Amino acid sequence: MRKRYVAPILACIALAAPASAAAHARSSTVALDYRLVLDPATKELPGARVEILDGDRSLRVSARSARVVVLGDLREPMLRIDGSGAWANRASATAAAERLVSSGSGWQRVGGSTYAWHDHRLAPPPYSDERAGPVARFTVPLRVDGRPAAIAGSFVRYRRPHAWPWLAAALAGIAAILWVTRAVPSARAGTTIAAGAVAGVAAVVSLASFGVA
């Protein structure tokens, strides 16, 4: 084997090994085949805004003009979020299990009027790999200014994308590069630099897109 082929082969082997992606500092995440979609009623809660953080399946609630009380598994008050901040109930078994506070008595301030926490009720239940679309429901009961409400939505599963479009695009790109380097030998250096630049830009765009999403 010629020495000039060793470096490209080693580079291809290194690029063939997939790496896990970090969504944010809390935990690492690999590609998921489902997404959590909130119900329209949850998006229209009066005085409150609810969001789902995909990285570790956390809930984020903003409540500046309302008082939102999140209920636990036993329907006990677990969190209170309003203009004064976020408060966790130390007597709540769910708050202790979620490690929001240590068990005890009274309310402990844990954040501001916008607060995010990991909620086990957002963990997807088992479902068949053959199903696609909404496969299950989730519900987190609330009280908004004393009125019953809920953070509700669906687990929506997506099928694995087909591999052939990516393979076809890769083969087309490789064929184009080989044709240019053979037809115009003087363009080999420029083609190599251009291919490296495109690969670098693609990596940066991929990381930035994942982080923004």
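This passage describes the predicted model of a protein, from its overall form to selected strands and residues.

The protein comprises 213 residues. Its secondary structure consists of 5 helices and 12 strands. The C-alpha trace spans about 75 × 35 × 30 Å along the principal axes. The radius of gyration is 25 Å, whereas a compact globule of 213 residues would have a value near 17 Å. Buried residues account for 31% of the 213 residues. The accessible surface comes to about 13,800 Å². Carbon and sulfur atoms contribute 63% of that surface. Of the contacts between residues at least 6 apart in sequence, 47% join residues at least 24 apart.

Confidence was examined next. The average pLDDT of the protein is 84. A score of at least 70 is reached by 90% of the residues. Among the elements, strand S6 (residues 68-71) has the highest mean pLDDT, 95. Strand S1 (residues 21-24) has the lowest, 44. Over residues 21-28 the pLDDT is below 50. This stretch nevertheless has 17 contacts in the model beyond near neighbours in sequence. Where pLDDT is low, the predicted coordinates should not be read in detail.

Strand pairing links S6 to S11 and S11 to S12. S6 runs antiparallel to strand S11 (residues 133-144), and 3 bridges join the two. Within this pairing, Val70 has Leu142 of S11 as its bridge partner. S11 also pairs with strand S12 (residues 147-157). That arrangement is antiparallel too, with 11 bridges. Ala136 is matched with Phe155 in S12. S11 and S12 form a hairpin, with 2 residues between them. Asp145 lies in the turn and has a positive phi of about 55°.

A further antiparallel pairing involves strand S5 (residues 58-62) and S10, joined by 5 bridges. Here Ser58 has His118 of S10 as its bridge partner. Strand S10 (residues 114-118) has two faces that differ in cover. Tyr115 and Trp117 make up the covered face. Thr114, Ala116 and His118 make up the uncovered one. His118, the partner of Ser58, therefore belongs to the uncovered face. Both Tyr115 and Trp117 are buried. A search of the whole structure finds 2 aromatic pairs. One of them is formed by Tyr115 and Trp117, and this pair is stacked. The ring centres are 6.1 Å apart, with 15° between the planes.

Two arginines have unusual backbone angles for residues other than glycine. Arg75 has a positive phi of about 65° and is not a glycine. Arg75 sits in the loop between S6 and strand S7 (77-82). Its relative accessibility is 56%, so Arg75 counts as exposed. Arg99 also has a positive phi, of about 65°, and is not a glycine. The loop that holds Arg99 runs between helix H3 (93-97) and strand S9 (107-111). Arg99 counts as exposed because its relative accessibility is 77%.

Arg90 occupies the loop between strand S8 (85-89) and H3. With a relative accessible area of 26%, Arg90 is partly exposed. Its contacts, leaving aside neighbours within four places in sequence, are Val101, Ser102, Ser103, Gly104, Ser105, Gly106 and Gln108. Arg90 and Ala11 are 79 residues apart in sequence. In space, their C-alpha atoms are 54 Å apart.

Thr42 is found in helix H2 (residues 40-43). Thr42 is buried because its relative accessible area is 2%, under the 20% limit. Not counting residues up to four places away in sequence, Thr42 touches Val50, Ala150, Ile151 and Ala152.

How values were computed. Residues are numbered from 1 along each chain as its sequence is written. This is a predicted model: local features need pLDDT of at least 70, side-chain atom pairs count only at pLDDT 80 or more; totals for chains, interfaces and linings use all residues. Side-chain values use heavy atoms; hydrogens and water are left out. pLDDT is the predictor's confidence in each residue, from 0 to 100. Helices (H or I, at least four residues) and strands (E, at least two) are DSSP runs, numbered from the N terminus. Contact means heavy atoms within 4.5 Å. Two strands pair if DSSP finds at least two bridges between them. The radius of gyration is taken over C-alpha atoms; the globule rule is 2.2 Å times the number of residues to the power 0.38. Buried means under 20% relative accessible area, exposed over 50%, partly exposed in between (1.4 Å probe, protein chains only). Accessible areas come from the Shrake-Rupley method with a 1.4 Å probe; for residues, only the protein chains shown count as cover. Rings of Phe, Tyr and Trp (its six-membered ring) pair if their centres lie within 6.5 Å; planes under 30 degrees apart count as stacked, over 60 as edge-to-face and the rest as tilted.
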